[in-house]
Amino acid sequence: MVVLYELIKKVFLLFPLHSFSQRTGDSNQAVQLRADRSPPWSYENTEAWGNDYEQCNGRRQSPIALRTERSLWVPYLNLKFGNYDVPLTNVTLMNIGYTVQFQVPPTENGQLPFITGAKLNDRYEADNVHFHWGSPTSQGAEHLIDGRRYSAEMHIVHKNVRYGTVEEATMNPDGLAVLGIFLEGVNNPTVSYPGLDEIFNHLPEVREYESTSQLNNPFTMRQLLGNLNTKVFFSYSGSLTTPPCSEAVRWFVFRDALQISQNQLNKFFQIMDPNGQPLLNNYRPVQPVNERLVLYRPSLGILKVRGV
Ligand SMILES: [Zn+2]
């Protein structure tokens, strides 16, 4: 509290008192300051997001419950990866209050990693990588697969190159393409992944809100995907899973999960929110599928069309 009081004093020195109009008393000012540092929404009341962000009430929201048998099977859907095998330069991991993420920097060849194919009409360049997780007693992946929720979910957000910024991209239905990768905490994983390991090794350094950590051991985007079977995935048209819930996303969610150690998973539960509390269960509940068609790219090359 002493630190907070000092902070309030400093802010008052920097800003005239009337900038805090309608606020009287130290406790209210403290609340106001804390609120200013936090995102203006929380995972405690996801149902209320639509009050402030109209798009969160839309008809093509994410995440959803994916079901193999209710999807349209399309064996010829091929997702292509560009610059995914070239090491990234200068990756900085950051606690942004509601997740841990890094902005994807250019690779050693000066270009960004990208995806294309799978009915994407354009090239989509990687923008950021972030995570959703649960708690020591609950699973925290966002998408469900045949009723199952995995421990955590990694998102690799890609921006359509025809748009200059992510903000501009979110205003267009073909603005973003996001890869969803499930992580499953197990006691004795048989494999380890150099990319993910590098992130987990640095998680303790970003426990506090707005803290950052340089990832010094170079890794490629492919190494983040480990030995994941990227040929088997679901694809559907959806939204950001955080406000403003922009309906601008083509989703690609891989069926299989990457196994990580329980120790690695536990590191997520040490991450703190802007109020210094553990950031837990930072996932949005599943949303109605409505009239959407979900595609499923199966592992076998057999055409199998199912009703939806
Ligand atoms: Zn996400």
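User: What makes strand 7 and strand 9 (residues 152-160) a pair in this predicted model?

Analyst: DSSP has to find at least two bridges between two strands for them to pair, and strand 7 and strand 9 are joined in the antiparallel sense over nine bridges, so the requirement is met. Within this pairing, Y124 stands opposite N160 in strand 9.

User: How do you know that strand 5 (residues 100-103) pairs with strand 7 (residues 120-133), and in which sense?

Analyst: Three bridges connect strand 5 with strand 7, and because the cut-off is at least two bridges, the two strands count as paired. The sense is antiparallel, and Q103 has N128 of strand 7 opposite to it.

User: Why are strand 6 (residues 114-117) and strand 7 called paired?

Analyst: Strand 6 and strand 7 run antiparallel and are joined by three bridges, and since at least two are needed, the term applies. One of the residues involved is F114, whose bridge partner in strand 7 is E125.

User: What lies between strand 6 and strand 7 in the hairpin that they form?

Analyst: Two residues separate the strands of this hairpin, and in the turn A118 has a positive phi of about 50°.

User: What share of the 308 residues in the protein is called buried, and on what grounds?

Analyst: The share is 35%, and each of these residues is called buried because 20 or more other C-beta atoms lie within 10 Å of its own.

User: How many helices and strands make up the secondary structure of the protein?

Analyst: The protein has seven helices and 14 strands.

How values were computed
Residues are numbered from 1 along each chain as its sequence is written. This is a predicted model: local features need pLDDT of at least 70, side-chain atom pairs count only at pLDDT 80 or more; totals for chains, interfaces and linings use all residues. Helices (H or I, at least four residues) and strands (E, at least two) are DSSP runs, numbered from the N terminus. A residue is buried if 20 or more other C-beta atoms lie within 10 Å of its own, exposed if 12 or fewer, and partly exposed in between; C-beta atoms are placed from the backbone.
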